[in-house]
Every structure is written in C-alpha cells, then in structure tokens.
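Student: Got a minute to go through an interface with me? Let's pull it up.
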There are 2 protein chains.
Amino acid sequence: MLLYKQISQTLQEKIHRGDYLSGEKLPSVRAIGREHAVSLTTAQLAYRELEKMQLIYAVPKSGYFVIPDKSEALLPKVVNYIQKPVHIEQWNPTIDFLRVEEREGVTSLSCAVPNIDTKTLEPLWQEMNMVSRRKNRLMLEYDSLQGLAALREQIHNISDHKPLITADDIVTTTSGHQSLSLAIQACTQGADVVAVESPAFPGLLQTLYGLGRKIIEIPTDPQTGIDLDRVQEAFERWPVKAVIVTPTCNNPMGCSMPDIHKQRLLELTTQHGAAIIENDILAGLAYDYPRPSTIKSLDNEGRVILCSSFSKTIAPGTRTGWIVPGKYKEKVMHLKYLSHCSGEIFMQQVMANFLRDGHYFPHLRHMRQHYSELQCQYRELVESHFPPMTRISRPQGGFSLWVEHPPVDSRKLLEVLKRNKVIVLTGDHFSTSNCFANHLRINYALPLIPRRRNGIKILGETLKLASL
Amino acid sequence: MLLYKQISQTLQEKIHRGDYLSGEKLPSVRAIGREHAVSLTTAQLAYRELEKMQLIYAVPKSGYFVIPDKSEALLPKVVNYIQKPVHIEQWNPTIDFLRVEEREGVTSLSCAVPNIDTKTLEPLWQEMNMVSRRKNRLMLEYDSLQGLAALREQIHNISDHKPLITADDIVTTTSGHQSLSLAIQACTQGADVVAVESPAFPGLLQTLYGLGRKIIEIPTDPQTGIDLDRVQEAFERWPVKAVIVTPTCNNPMGCSMPDIHKQRLLELTTQHGAAIIENDILAGLAYDYPRPSTIKSLDNEGRVILCSSFSKTIAPGTRTGWIVPGKYKEKVMHLKYLSHCSGEIFMQQVMANFLRDGHYFPHLRHMRQHYSELQCQYRELVESHFPPMTRISRPQGGFSLWVEHPPVDSRKLLEVLKRNKVIVLTGDHFSTSNCFANHLRINYALPLIPRRRNGIKILGETLKLASL
C-alpha cells in the first residue's frame, strides 16, 4: 500500500474511534509529516484522501477539520411507487416560484445558482474587457448555426469523451436548459414516453410538460442514482423512447452513478432502441477528481445526447451551453435554427478565451473545495434545527441537499414561511406523484450569511411546529 | 401650402420634365435658398421632401442627386394563385443556404445582414467596454424571465405604441426570430392554419414548418402589402387562427401597408377572433420619418403580438429582441422559459445603455440615409446588367430588393453561380407554391465593393444566358 494511503487509513481509524472529534481541527500537514517521517507532499496526499471520503474538510489558511457527525442523519428513503407514463399537469407553481425569487428582501433557500463572488472568476471580467476592446466586427454578426468554432474547440478540449468526438460534433446553445429542450425534441415527439429520475428537477419537468411528452418516473437512489431494474421494467412494459439521466451530481440529490451502472443503462437503451439524454451540467463540480466519466464516453453509436453548460460551473449569466448530439446532430441544428436562429458571439468568445487561457480548471478546483466546505456547514445547520428523524442526502458534488422531513401541515408551513419571507422549493415540484410531499431542496452554493442562516433556522423551527 | 412644400413641388416638376436628368447633381441647398429667397432650413426641408418621395438622394459632403431612372423597371407582378392551407415541405434548402454562407470566398447577394461598419455603432463598443469594466455581478446571474427591466424601459421609450403599453408589457428575447417563434406558439397550436404574406421570408416559413403549422399564402402587393380582400376570403373559407404580417418594410419586397389597410386588417382579425403577429423588425429603417405606425398602436384588445429586435437596425450580434405579447403574455413567458429559461444580461444592459445614452436615433437616421443611397446604386446595377423585362420592387425601407426576371433554366443558373462562388436566394425559398420561380432577393445593405459589384454582374449575365 502506498505510504499516503497508509497514513490516511490510520487517520481514518482515529476519526472513527473518536480520537479526533466531530468538527475538531486536525494536526497540521507539517505535524503529520514529522510524526510519520514523510514529506509534506505525502502528508498532503493523505489528507486529500480523507477529503475525498468526506471525512474531513479544509479551511484555507487554517487547516483541516473533521466533518461534523455526518453519520447522524440518514439518507432520504427511496420511494417505490407504481410506475406508469403520465402527463405532467403542474405548471404555474414553478413559474410562480421563479417570480417570487425576483422580489427583494426574500431569502430563497432553493435557488440553483452558483456562487459567483470568487476571485477565480476575476479573469472572466478581464476576458470580457479584452473582447470588447478588440472591437472585432465578428462579434456583431450572426453566429454560424453550429456555434463559434473557437468555443467548440475549447469545449472539446475539456470533454472526458474527447477521443470519441471532434469539435465538429458539438453544437453550442444558450444554456443547459436549452440543450435539454433541444435534446428532448430531437429524439422524441408528441406524447412519446420519456423516463426520468425521480425526484427530477423542476426545470426538466416543466420542459417536458411544455413539450407535451408523457413521463415515467423511475425511483432513484440518493447514492447510486436511477434504479436500473426499474428502468428495465419500464422498457419492457412501455414504449419508452428516451431516458433522461444526470449520472454525475444529480439534481436535487447530488448522487453519482457507479460506472458499472452507466454501462448497463447504455446496454438497456441500446437493446430497446431508445436514446439517452445525459445531463452533465454539474459534473465539473463532482468532489471526486478527476471527474466521473460520462455515459457519452462509452457511446460508439451516437445514441447518447450529452447536454451541458457553464451556468452552474461558472455563472448563469454566461448563457453558454452546448450539446453533443451524436446521431441527432442534423435534427438538433434544425431545432436550434427554429428556436433562435443563432447564438450570441460575444459571450461565446469570452468563454473560449477563459478556457484557452487556462482559467477553467483552477476555478473548478476552487469551487469544488468551496462547495464541499459549505455542504458541511449547511448540513450541520439543518441537522441542528430540523425536527428529529430528518433525512439528508450526501451529495458527491454540486450544491444541493435533498431533505426529507417528518410529515407536516404544508398549508401551515407555507404560510409561516411566507410571513417570514423565506422561500424554499418543496418536493411536489420534483414529481407528478405525491411521493415527495415531505421533501425540500436546499441549495448550499451561497455563503451562510446571517440572513440565510436565519432562514434555515426559521424553516427548521416551522417544520417542528407544523409537524402532524 | 407651406413654403418648403411649394419649392419641393417646383423641383419635382423640373425632375419630371427632365430639367434635371437621372443621376444629375441638383443645385446646392444654399443655391436653392438664394433662388427662392428662403432660409437654408426651408431649402433643406424641400429636399427632404423629395428624398421621402424617393426622387433624389443625398451624398454626404457632396450634395443631392436625382435617383437614376427609377421609373424604368416595373414592379414585380402580384401573383394571384388559388389559396388553400398547406403544410410546408421544403426545409433543407434554407439550412443549406445558411451553411454555404459560412464558407469563405463566397459572395452572398442575399444575406439579410445590416451594415455594421459605421461610426454610429462606435458607441456600442464603448458601452460594451463600460459594462465589462463595471464588473456588476448582476451580469453573471440569471436574468428574470421577463427580461432586464432597464432594457424593457428603453424599448418602451422608443415604441410608437408607447401610450398603450408599459415596460411591463414587454418581454425580451434573444432575437426577432425567437420573438416570431414564441408568438406563433402562443396564439396557435398543432396544424392550425396561419395566413402569411406571399412572398414570405424563408426564416418565417422554416419556423412554421418546424412547428407543423399549415399556412395559407396571401398575395401581397409590392407597394401596399398584403391583399386584404384575399385575407377576408381566407377567413371566410378556412379556420385561420393568425395572420403574420410585416406592415412596415416587408421582407423581401420592402413595401409598407397604408394606415387604412392596417385598420381594416385589425377589424378583419377581430371579427374572426384571430390574432395578428406583427413583424416590426425592419420598421426603424423605413425611409419615411417619423416611422409608419404599427398595427399594435391601434390595438386595444391585446390581439396583436408585436415582434422585433435590434438584429437589423443595429447588429445581429446583439442577439437582443423583444415581444409585446398583449393578451398572450403569460403564454409567451411560459414558452420563453421552455426555450431557454432566461436571457443573457450583459448584452441587454449594453443595449439599454446604448438607447439611454441617445445613440439609437442618430444611428437610425444615418442608416436610413445610407441604405437609401445604396438602394439607388444596387438598382442601377441590376437594371444595367439584368435581362430586359426584369422587374424590381421599390422598397420604402429596409435593405432588400425583390427582383423578377424572365424565365430561366434554373439548373443552369445555379451551376454557373456555383462555379463563380456567387450565391443568391431564389424565389422558391419564399413560398410553397411555384409562383416565384423567376424571383430573387438581393440585399443592398453592404457597400458595392468590386467583389459584390462583380457578383451582380455575373448574376445578370448568367440570367441572360440561361433565359428560356
């Protein structure tokens, strides 16, 4: 066994024995090096291992700490309801939620926005400045239908499925949302049946609703993702045309599928002549490094349509996404033309330069660390203020917690929250079934400033009071 | 009669009598002032009148000239075929055209792009620079679903239907193309019948094809626009759900509807419970000033959905459009959410500042003059190189000529053009019928550099050779 692995194992045992208590500061890297007579690099590697296992977290310029009591809260239960294809009926609740978010003085705990106040985004402003100073007339013209070549090349460079494709296999879009919408329209039509993870994020359900597709919700495990036996069952019983999955950093649960599951899902869909729509939008924020592989990287047939964007990894305002449409490329190009003809070149150029100049990976590295720390802080807060028996997901990346609380009077809950100007997305936005009535998504991308800390406290206390 | 009108009438008579020949330079404003004993302003106004009537054109720092022989070429004929709703079948030709445009070394004579090499767009770069230097974190966030308030307010300010609406009645989009697509989806569905002007521009036909709507093509006069008797007939015979019109600066013909026609069209659609989709994208480039009014400005019921953008008036790269959806606002917001969630803030802010700082109207003034001059130059070139009996539209704004030439062997035509790397949009892109087999759209927004001049010459000579 490698030296650093031995050390990390020793430390792991100490944490489990309680030699280092939950939340306690660990010895410095230097001290570990001295104690085990190893280099600083080896000591550092040992701590990195423990970080990956989510036993400890780092605070810059301060050191490493034991993640508080993570074993305490259980994972949300997997719901095992009877599956059948249904039309989505809800709509306005999600749009209403989007509108409320816009009002001032409201604390939104479920807003899926990344933290953009980070030094690692400083170069983005510089690139914007450079592009606008260069006065390249190209910026004011129509983009090609496929999207700016310079950006497609950079996206190709950062793809884990790079060997399988070229920059010409990529089409840029205005967002991950648009990528998904184009993908769904490219491989399904009318009231076709589409399988989705359950819970599914509201943006996806609303898009499927808008397009008139029927959906079949597949139970999804908060650690290993979509239940493949149930996918198989769905394929056998219904004419499922496509499966939409988020193999890495699922939204809302944060889980990632084991590689072996990805392989099996691809086999299943191949067997049934269906397509896979792979939502890869949060994968750059997987706490594991290098990032877990895509299903696309296993796909030799062009059956997988990969959808992504920089909205969550960099900033929503970049409005730059992409799609790797495989054999659906012509269809996707047509649909893009129908939707808005062509994209904006300015921001595509800015993003291409940001990537070209090497700012992307350092930024991701920083954000992974940052979100991993914030996850601990938010978990701790939820655990200490929510009712007993609350269950919490253990995200392997991204920035959302999926929380299952004891049953409450939801009318009462929403009333109190409204009075306190706190809003949160409840489970009913994530499914057409009634299975997630006692669930919430809490986003932990933003620092725990007092207002937000207070919001979670109010939410927790209200859940206790409204308990049935 | 006002003094300047008297003078302009005198000059008009002289031009018609041939006292000033086609293409000849007119006396200076100073000379006219002296001759008629009036102020320079009055003399200037007299010339402006003649410009409006398209009898003369101005060349900056040089003076006024008689527009060459505009009476020579006749207007394209109005085609009066039997109307019935049909599905659109062509698709790839237009996409193929878009792709060819991207290749280098090709001279495209039909590319609907404005001239962006103008000093009046210099402030746009400055605004871009200012916004990127200010580092406002808002730029990196999600936009509200309705679009940036600052931009909506500025758009409201420049609207001719301003008194009827507020900034809250405007939704921003990524382009005029998207505005139209959202509008069509908001007021029609499935295989509903939609009436369109004939010829109609390819982007519109392709959008309707993509959405699966049936269309009924209404004969359209190259001077007064859509034939209202035929609209009425269509309403009486078929379940027409919406009429899509470009009342000002029609594409491809450049005509504008008389005000009385706008009123009647609104009455007709009201009577039949249909919607009007008003394409206003080129109206800022009407040579008439102030710009002709919108149908929207007559609409008290919210029946008219106005679609516009800055793609043609400023630059396609701004990717900033808007829609005034009237009573379809909720539907349009939903559809916008489905398409791409929200827009990019950066360019919306740049455009808002460009308008706020007063750069919009001076730019339009400059472009109107510029395109009016270019129209004369292009007309002259077409008239001298195209076969006899060629008919040409007389645009009242915008930057496209609709040309009807004698019948040709179209296979031969396309072959020669391809060999010479000249591309042009032929009439079959503008209709599902076979009525425009001998038509072309020529765009005159770009200066007549030798390559383009040569392209038109080759086109004309080839048309002569390929004549049947």
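**The A–B interface**

Tutor: Sure: about 5,100 Å² is buried between chain A and chain B, with 62% of it on carbon and sulfur atoms. Buried area here is the accessible area (1.4 Å probe) that two parts lose on being put together, summed over both. This is a predicted model, where local features need pLDDT of at least 70, side-chain atom pairs count only at pLDDT 80 or more, and totals for chains, interfaces and linings use all residues. Residues are numbered from 1 along each chain as its sequence is written, chains are lettered from A and ligands numbered from 1 in the order in which they are written, and side-chain values use heavy atoms, leaving out hydrogens and water.

Student: Which residues in chain A lose the most area to chain B?

Tutor: A:Trp125, A:Leu140 and A:Tyr142, together 17% of what that side buries.

Student: And how many salt bridges are there between chain A and chain B?

Tutor: Four, counting a side-chain nitrogen of Lys or Arg within 4 Å of a carboxyl oxygen of Asp or Glu. One pairs A:Arg137 with B:Asp117, with the closest N and O atoms 2.8 Å apart.

Student: Switching topic, what domains does chain A have?

Tutor: The assignment, which is automatic or from a database, gives domain 1 (3–66), domain 2 (94–118 + 363–467) and domain 3 (135–360).

Student: How much do domain 1 and domain 2 of chain A bury between them?

Tutor: About 450 Å², 44% of it on carbon and sulfur atoms. On the domain 1 side, A:Gln54, A:Tyr57 and A:Ala58 lose the most area, together 74% of what that side buries.

Student: How many salt bridges across that one?

Tutor: Zero by the rule, between domain 1 and domain 2 of chain A.
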